[in-house]
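Trainee: I would like to learn how the descriptive terms used for a structure are earned. Could we go through them one at a time?

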Amino acid sequence: MLAAVPVPPSRAMSKWSVGRKPSRTLGLLLLVILSYLVLRRLDWYNLVPAWLRHRQSGLQANGQHFMLEDSTFWIFGGSVHYFRVPKEYWKDRLLKMKACGLNTLTTYVPWNLHEPERGKFDFSGNLDLEAFVLMAEEIGLWVILRPGPYICSEIDLGGLPSWLLQDSGMRLRTTYKGFTEAVDLYFDHLMSRVVPLQYKHGGPIIAVQVENEYGSYNRDPAYMPYIKKALEDRGIVELLLTSDNKDGLQKGVMDGVLATINLQSQHELQLLTNFLLSVQRVQPKMVMEYWTGWFDSWGGPHNILDSSEVLKTVSAILDAGSSINLYMFHGGTNFGFINGAMHFHDYKSDVTSYDYDAVLTEAGDYTAKYFKLRSFFGSISGIPLPPQPDLLPKIAYEPLSLNFYLSLWDALQYMEEPVNSEKPVNMENLPINNGNGQSFGYTLYETTIASSGVLSGLVRDRGQVFVNTVSIGFLDYEKKKIVIPLIQGYTRLRILVENRGRVNYGDNIDDQRKGLIGNIYLNDSPLKKFRIYSLDMKKSFFQRFSVDKWSPIPAVPTFPAFFLGVLSISLSPFDTFMKLEGWEKGVVFINGQNLGRYWNIGPQETLYLPGAWLDQGINQQVQDPS
């Protein structure tokens with residue numbers, strides 16, 4: 001038996017460093033000699049796994065061509081965003097990409113969805129980036145990753161988390177300390193997942209993009225070098241790229257990174273490739289985003305691009321000696337509240353559908369573009385293309401009947417305690433969600449008034465004004481004042497504010513706080529003492545409304561309200577679309593999944609409902625008209 005005798009730290013150190021030093025030195029010398037003898041005898045070639053022996057160089061920019069190891073490589077890419085497609089359908093969309101003759105998948109990585117609260121990361125379910133990348137590899141596709149941190153992508157705040165805006169001095173997309181500290185922590189986590197998926201580590205990622213279209217923003221010359229170093233310091237070893245449109249290409253080029261271009265017309269192709277030649281000399285050319293269509297905004301037209309025009313431009317791009325990525329190959333859906341917005345002259349929020357008039361429809365169906373491009377890529381591939389996967393079946397279900405109802409005013413008693421504040425607080429700075437504020441949804445502001453007059457203030461983005469429970473109109477970007485009618489005594493003033501989507505592109509992304517911005521005034525006097533309710537509409541939101549809280553729908557419902565109905569499916573469920581005839585504006589939830597917003601101003605008229613989110617039997621629908 002051995003017994004341990006405690007020794008004071010100073011004595012123990014002295015005893016080890018003096019009494020054991022000669023033997024430790026001798027041991028180290030023997031270890032060095034033994035290691036040298038072993039290294040001379042080892043066959044290091046056979047120690048490297050066979051599948052890594054030919055992965056030494058990766059994708060290279062060699063003269064006017066890309067090279068993958070020793071072979072000339074043409075990138076025929078297509079964009080699919082995993083976060084816009086139900087995970088159950090990823091394989092279907094990627095098989096259709098492979099069957100179209102493409103060899104590379106490109107995808108963005110949305111920081112705001114992966115880190116909804118500081119230090120709290122989510123890569124599960126529909127956000128399982130690694131599973132998506134590995135599925136592409138299984139199908140035989142290479143991957144170009146576009147990890148941001150800013151991604152544009154017509155997503156809320158360009159993929160940046162809204163909690164960054166809690167800092168009143170925040171300067172997004174710069175080397176401002178508050179921003180870079182957050183990026184560093186995010187990249188620490190993200191790159192630990194990405195690094196093993198790189199080509200040189202045996203994975204499918206052959207290139208990584210540095211930020212996104214920074215030339216058109218260009219606020220800080222130190223920013224792009226910082227992002228490049230942040231990637232490299234965390235183990236990114238594959239080819240680095242930038243990506244810029246005509247507005248930013250001149251300022252987006254940086255040393256040690258291959259510049260690529262984003263465009264839609266053949267005219268732009270000639271201008272931009274000439275510019276690249278002048279600044280990069282002889283380097284491989286790539287159109288990182290050839291826009292196969294365009295996104296839609298509420299109240300605007302539905303954008304389409306003729307399939308013959310697409311084929312002509314794709315052919316011209318390849319004839320110019322350029323690789324290509326089709327943005328989008330498949331757009332998918334802005335499920336929930338993730339859509340972005342544009343605000344140059346007027347504020348315009350993006351619709352729920354991200355169909356984009358892409359090569360595959362929102363539901364993954366083939367289009368005329370698909371068939372023409374498949375024929376084109378098939379003619380130059382030199383090998384037969386895989387067969388086209390069958391379409392996923394669709395079905396028209398019987399009209400769904402809404403039977404139960406809960407007015408917003410009755411629902412307030414079941415919600416979490418409101419925030420009490422002397423002044424209005426914008427969404428992002430509400431002391432909720434572990435100090436991270438509110439990212440999406442609606443916020444209700446309540447206070448008491450004792451007189452009529454003119455109500456004024458900044459509301460972002462759309463505020464419905466109520467006197468008690470009676471709606472008297474809206475405040476928004478255009479309408480900044482509203483008349484409060486004559487009242488007697490003390491009356492409850494309520495403003496229900498909708499975040500319609502933060503701007504994802506442009507110079508004003510630092511100013512995307514939502515809710516009531518600053519004071520709200522009645523007859524030029526600031527109102528005080530607010531009760532503020534966060535209506536974020538997360539899955540947990542509706543769990544507060546148990547069955548006994550709902551009532552049959554009255555003859556004259558009080559709006560806004562929640563409506564509950566059931567969709568009964570006897571056989572295996574299939575994809576379908578919901579048409580909201582007679583409804584003006586709101587959100588639809590099926591089995592806890594937020595399908596997104598609807599609005600009768602168009603152009604979107606239906607909401608895509610994936611069959612993968614339906615159950616055989618009873619399906620619960622909650623509808624929130626607002």
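Mentor: What follows is a set of questions about the names given to parts of this model, which is a predicted one.

Trainee: What makes the eight strands from β4 to β11 a barrel?

Mentor: The eight strands close on themselves in the order β4-β5-β6-β7-β8-β9-β10-β11, and their pairing is parallel. From one strand to the next, the twist averages 30°. Helix α5, residues 90-99, packs on this sheet and touches β4 (76-80), β5 (104-108) and β11 (322-330), while its direction makes about 145° with that of β11.

Trainee: How do you know that β6 and β7 pair?

Mentor: Two strands count as paired if at least two bridges are found between them, and strand β6 (residues 142-146) and strand β7 (residues 205-209) are joined in the parallel sense over three bridges, so they qualify as a pair. Within that pairing, L145 has V208 in β7 as its bridge partner.

Trainee: Why is α5 called oblique to α7?

Mentor: The axes of α5 and helix α7, which spans residues 129-139, come within 10 Å and cross at roughly 40°. Angles under 35 degrees would count as roughly parallel and 65 to 115 as roughly perpendicular, so the crossing makes α5 oblique to α7. The crossing is also right-handed.

Trainee: Which residues of α5 and α7 meet?

Mentor: From α5 come W90, K91, L94, L95 and K98, and from α7 come A131, F132, M135, A136, E138 and I139.

Trainee: Which residues of the largest nonpolar core touch the most other members?

Mentor: Of its 117 residues, those are F179, Y290, L326 and F329. Helix α8, residues 177-194, gives the most to this core, with eight residues. Leaving aside residues up to four places away in sequence, L326 touches G77, G78, S79, L102, Y290, T292, V314, V359, L373 and F377. There is also a second, separate core of 24 residues, which includes L408, W550, F589 and V622.

Trainee: How do you know that β1 and β2 pair, and in which sense?

Mentor: The threshold for a pair is at least two bridges, and strand β1 (residues 59-62) and strand β2 (residues 65-68) have four bridges in the antiparallel sense, so the term applies to them. N62 has H65 in β2 as its bridge partner. The two strands form a hairpin with two residues between them, and G63 in the turn has a positive phi of about 65°.

Trainee: What makes β3 a partner of β2?

Mentor: Strand β3, residues 71-73, is joined to β2 over three bridges in the antiparallel sense, and F66 stands opposite F73 in β3. In the hairpin of β2 and β3, which again has two residues between the strands, E69 takes a positive phi near 60°.

Trainee: Why are β15 and β19 called edge strands?

Mentor: They belong to an open sheet of six strands, in the order β15-β24-β16-β21-β18-β19, with antiparallel pairing. β15 (419-421) and β19 (470-475) are its edge strands, and each pairs on one side only. The twist in this sheet averages 25° from one strand to the next.

Trainee: How do you know that β15 pairs with β24?

Mentor: Three bridges join β15 to strand β24 (residues 530-535), and the two run antiparallel. A pair needs at least two bridges, so this one is accepted. In β24, F530 is the bridge partner of S421.

Note on methods:
Residues are numbered from 1 along each chain as its sequence is written. This is a predicted model: local features need pLDDT of at least 70, side-chain atom pairs count only at pLDDT 80 or more; totals for chains, interfaces and linings use all residues. Side-chain values use heavy atoms; hydrogens and water are left out. Axes are lines fitted to C-alpha atoms, for helices over the stretch in contact, and angles run from 0 to 180 degrees between N-to-C directions. Contact means heavy atoms within 4.5 Å. A nonpolar core is a set of buried Ala, Val, Leu, Ile, Met, Phe, Trp, Tyr and Cys residues joined through side-chain atoms within 4.5 Å. Buried means under 20% relative accessible area, exposed over 50%, partly exposed in between (1.4 Å probe, protein chains only). Angles under 35 degrees count as roughly parallel, over 145 as roughly antiparallel, 65 to 115 as roughly perpendicular and the rest as oblique. A crossing is left-handed if the near helix is turned anticlockwise from the far one by less than a right angle, and right-handed if clockwise.
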